[in-house]
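Here's a quick briefing to read with the model open in your viewer. It goes through a helix crossing, a couple of residues and some ring pairs.

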Amino acid sequence: MKETAAHTIYSYKLLYRFRWQFVGYLFQLLLIGLSLIWHSFMLQVPAYTLIVTLAILPVIPICHLVLFRLYALLRGHKPKTTADMLVSPWWGAGYPLPIPLSVYRGSELTVNVGSMAIAAGAYVWLSEGYGLTLITGTLIVSLPRLLALLTSFRQPSRSRVKYEDRGVAFLFTDG
């Protein structure tokens with residue numbers, strides 16, 4: 001006798017899609033430029049001398065990815081890393097299937113709070129220009145994640161989250 005496996009089919013209704021597009025990236029670049037000007041007033045040095053401090057910004061996405069993978073490892077989740085790592089505000093981190101809203105909130109909160117804690121801890125050991133750039137850069141780079149996290153609080157608690165290219169989708173299942 002041939003045994004058949006039971007399959008469950010879910011269909012999802014799209015509640016909201018949060019995408020960080022070209023205007024968002026321009027806004028982040030504008031904020032980074034304005035932060036350099038603000039730092040030059042605070043430190044009383046010319047702004048062009050602070051341009052070299054932008055070299056610390058690539059540390060932030062690496063920190064985001066490591067914190068995300070660490071959270072997933074500790075919680076026993078199966079994350080995936082995608083090819084859009086360099087152009088996504090999520091830096092390629094996500095899950096292959098839709099996840100519960102609580103898992104999404106936990107991972108995003110861990111990444112945002114953890115990266116700010118690392119930046120604040122590193123501020124003590126860095127020169128003032130690099131430290132200020134790291135802290136403000138962490139806030140600016142985390143902006144898409146923070147806005148999507150805030151958006152998640154408007155969704156029903158039973159909804160699920162699907163990581164997409166350059167964004168997340170909030171879904172609701174009928175099953």
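The crossing of α2 and α3 is right-handed. Keep in mind that this is a predicted model. Below is the rest of that crossing, then two residues of α3, then the aromatic side chains.

**How α2 and α3 cross**
- Helix α2 covers residues 59-75 and helix α3 covers residues 101-123; their axes come within 9 Å and cross at roughly 135°.
- That angle makes α2 oblique to α3, since over 145 degrees would be needed to count as roughly antiparallel.
- On the α2 side, the residues that meet α3 are Cys63, His64, Leu67, Phe68 and Tyr71.
- Their partners in α3 are Val103, Gly106, Ser107, Thr110, Val111, Gly114, Ser115 and Ile118.
- Sort that contact by class and you get 7 nonpolar residues, 6 polar ones and no charged ones.

**Two buried residues in α3**
- Leucine 101 sits in helix α3 and has 1% relative accessibility, so it counts as buried.
- Setting aside neighbours within four places in sequence, leucine 101 touches Ser152, Gln155, Pro156, Ser157, Ser159, Val161 and Phe170.
- If you want a distance to check, leucine 101 and leucine 65 are 20 Å apart C-alpha to C-alpha, with their positions 36 residues apart in sequence.
- Asparagine 112 is also found in helix α3, and its 5% relative accessibility is under the 20% cut-off, so asparagine 112 counts as buried.
- With neighbours within four places again left out, asparagine 112 is in contact with Ser142, Arg145, Leu146 and Leu149.

**Aromatic pairs**
- Searching the whole structure turns up 8 aromatic pairs.
- One of them joins tyrosine 95 and tyrosine 163, a tilted pair at 5.9 Å centre to centre with 55° between the planes.
- That pair ties together distant parts of the chain, 68 residues apart: tyrosine 95 is in the loop between β3 (93-94) and β4 (99-100), while tyrosine 163 is in strand β5 (residues 160-164).
- Tyrosine 95 and tyrosine 163 are both buried.
- Tyrosine 104 and phenylalanine 170 have ring centres 6.0 Å apart and planes at 90°, so this pair is edge-to-face.
- Here too the pair links distant parts of the chain, with tyrosine 104 in helix α3 and phenylalanine 170 in strand β6 (residues 167-173), 66 residues apart.
- Both tyrosine 104 and phenylalanine 170 are buried.
- Zoom out and ring pairs link Tyr16, Phe68, Tyr95, Tyr104, Tyr163 and Phe170 into a cluster.
- Two names in that cluster may ring a bell: Phe68 appears in the α2 contact with α3, and Phe170 is among the contacts of leucine 101.

Technical notes:
Residues numbered from 1 in each chain as written. Predicted model: local features only at pLDDT ≥ 70, side-chain atom pairs only at ≥ 80, totals over all residues. Heavy atoms only, no water. Axes fitted to C-alpha atoms, helices over the stretch in contact; angles between N-to-C directions. Helix = DSSP H or I, 4+ residues; strand = E, 2+ residues; numbered from the N terminus. Parallel < 35°, antiparallel > 145°, perpendicular 65-115°, else oblique. Left-handed = near helix turned anticlockwise from the far one by under 90°. Contact = heavy atoms within 4.5 Å. Nonpolar A, V, L, I, M, F, W, Y, C, P; charged D, E, K, R; others polar. Buried < 20%, exposed > 50% of the residue type's maximum accessible area, 1.4 Å probe, protein only. Phe/Tyr/Trp six-rings, centres within 6.5 Å; stacked < 30°, edge-to-face > 60°.
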